[in-house]
Amino acid sequence: MPRHRSFLVLLSLVALVTLLGCGSPESADEPEPVAAVVEPPPVAAAPATATATAALSGHEGSGISGTITFTETAEGASYEAHINGLSGAGSHGFHIHQTGDCSSDDFKSAGGHFNPADTLHGAPTDDERHAGDLGNIEVDESGHGSLLGSSNLITVGAGANSVVGRGIILHEGTDDLVSQPTGAAGARLACGVVQGDS
Ligand code: CU
Ligand code: ZN
């Protein structure tokens with residue numbers, strides 16, 4: 001091979017390596033903006049992963065059942081409850097009670113309202129209220145009711161205000177939101193125990 005030819009081969013090899021060398025950082029740069037756009041949603045969704053749930057049951061033969069799910073938020077917890085099997089339309093007191101024990105026939109084993117700060121009973125919108133005061137569930141003529149809300153006085157995670165291990169009570173009557181210490185909501189129709197989901 002003539003000398004100038006092998007020099008040309010060498011030159012083109014150098015050119016090729018240079019091209020490849022320049023090309024790869026460029027293509028490596030490209031996916032980065034995409035990754036930056038995709039990343040924020042999982043970060044924003046992260047605080048809302050902890051949940052806890054209670055399944056409510058009425059007295060035997062009542063046909064009453066329900067669920068409530070609590071979801072940790074930046075300022076406490078949000079909740080979503082559904083009740084089924086009531087005999088008609090009405091407004092029913094609905095609270096978190098101190099003890100996750102539904103063993104007694106009248107559900108009084110669940111104790112009084114969850115009240116870690118030793119305050120007065122109130123409406124869910126009152127500054128002074130029990131941590132357990134969720135107000136009333138409005139039930140329609142088909143016997144179904146649901147309730148959505150959030151509270152800065154409860155948490156899903158461990159601590160004095162945690163709902164895990166507490167009782168949930170649906171009452172026969174309406175919580176008047178002022179009578180002490182229970183809102184005069186009457187007998188207990190259904191009970192459930194809050195369990196952490198993890
Ligand atoms: Cu109650
Ligand atoms: Zn209360």
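A disulfide is a pair of cysteine sulfur atoms within 2.5 Å. Keep that cut-off in hand, for this structure is a predicted model and the rule is applied to its atoms. By this rule the count comes to 1 disulfide. The pair is Cys102 and Cys191, with sulfur atoms 2.0 Å apart. The torsion about their S-S bond is about -75°, so the disulfide is left-handed. Cys102 lies in the loop between S4 and S5, while Cys191 lies in strand S8, so the bond ties together parts that are 89 residues apart in sequence.

The two ends of this bond sit in unlike surroundings. Cys102 has a relative accessible area of 24% and is therefore partly exposed, because buried means under 20%. Cys191 comes in at 4%, so it counts as buried.

Stay with Cys191 for a moment. Its strand, S8, covers residues 188-193. Setting aside neighbours within four places in sequence, Cys191 is in contact with Ala55, Leu56 and Ser57. Its contacts also include Asp101, Cys102, Phe107 and Ala110. Ile168 and Ile169 are on the list as well. Leu170 is 21 residues away from Cys191 along the chain, yet their C-alpha atoms are separated by 6.6 Å.

Now step back to the whole chain. The protein has 198 residues, of which 33% count as buried. It contains 3 helices and 9 strands. What order do they follow along the sequence? The pattern is α-α-α-β-β-β-β-β-β-β-β-β, with the helices ahead of the strands. Take the contacts between residues at least 6 apart in sequence: 61% of them join residues at least 24 apart. The exposed surface is about 11100 Å², and carbon and sulfur atoms supply 59% of it.

Strand S1 is a good place to enter the β part. S1 spans residues 51-58 and runs antiparallel to S2, residues 65-73, with 7 bridges joining them. Leu56 stands opposite Gly66 in S2. The two strands form a hairpin with 6 residues between them. Gly61 sits in that turn and has a positive phi of about 85°.

S1 has further partners. It pairs with strand S9, residues 195-197, in the antiparallel sense over 3 bridges. There, Thr51 has Asp197 as its bridge partner. S1 also pairs with S8, again antiparallel, over 2 bridges. Gly58 stands opposite Ala190 in that pairing. S8 is also the strand that holds Cys191, and Leu56 of the S1 strand is among the contacts of Cys191.

Two metal ions remain. Which residues hold the copper ion (ligand 1)? His95 (ND1), His97 (NE2) and His171 (NE2) coordinate it, at 1.9 to 2.0 Å. Along the chain these donors follow the spacing H-x1-H-x73-H. His95 and His97 are both buried.

The zinc ion (ligand 2) has its own set of protein donors. They are His113 (ND1), His121 (ND1), His130 (ND1) and Asp133 (OD), 1.9 to 2.0 Å from the ion. Their spacing along the chain is H-x7-H-x8-H-x2-D. What is the geometry of the zinc site? It is tetrahedral, with angles of 100 to 117° among the 4 donor atoms.

Two of the zinc donors deserve a closer look. Is His130 buried or exposed? Its relative accessible area is 4%, so His130 is buried. Asp133 has a value of 2%, so it is buried too.

His130 lies in the loop between strand S4 (90-97) and strand S5 (133-139). The S4 to S5 loop also carries Cys102 of the disulfide. Beyond its neighbours within four places in sequence, His130 is in contact with His113 and His121, which are themselves donors of the zinc ion (ligand 2). Its other contacts include Phe114, Asn115, Thr119, Leu120 and Gly122. Leu153 and Pro181 are in contact with His130 as well.

Notes. Residues numbered from 1 in each chain as written. Chains lettered and ligands numbered in written order. Predicted model: local features only at pLDDT ≥ 70, side-chain atom pairs only at ≥ 80, totals over all residues. Heavy atoms only, no water. Donors = N, O, S within 2.8 Å, 3.2 Å for Na, K, Ca; no water. Tetrahedral: all angles 85-135°; square planar, octahedral: opposite > 155°, others 65-115°. Buried < 20%, exposed > 50% of the residue type's maximum accessible area, 1.4 Å probe, protein only. Helix = DSSP H or I, 4+ residues; strand = E, 2+ residues; numbered from the N terminus. Contact = heavy atoms within 4.5 Å. Areas by Shrake-Rupley, 256 points an atom, 1.4 Å probe, with all protein chains shown as cover. Pairing = 2+ DSSP bridges.
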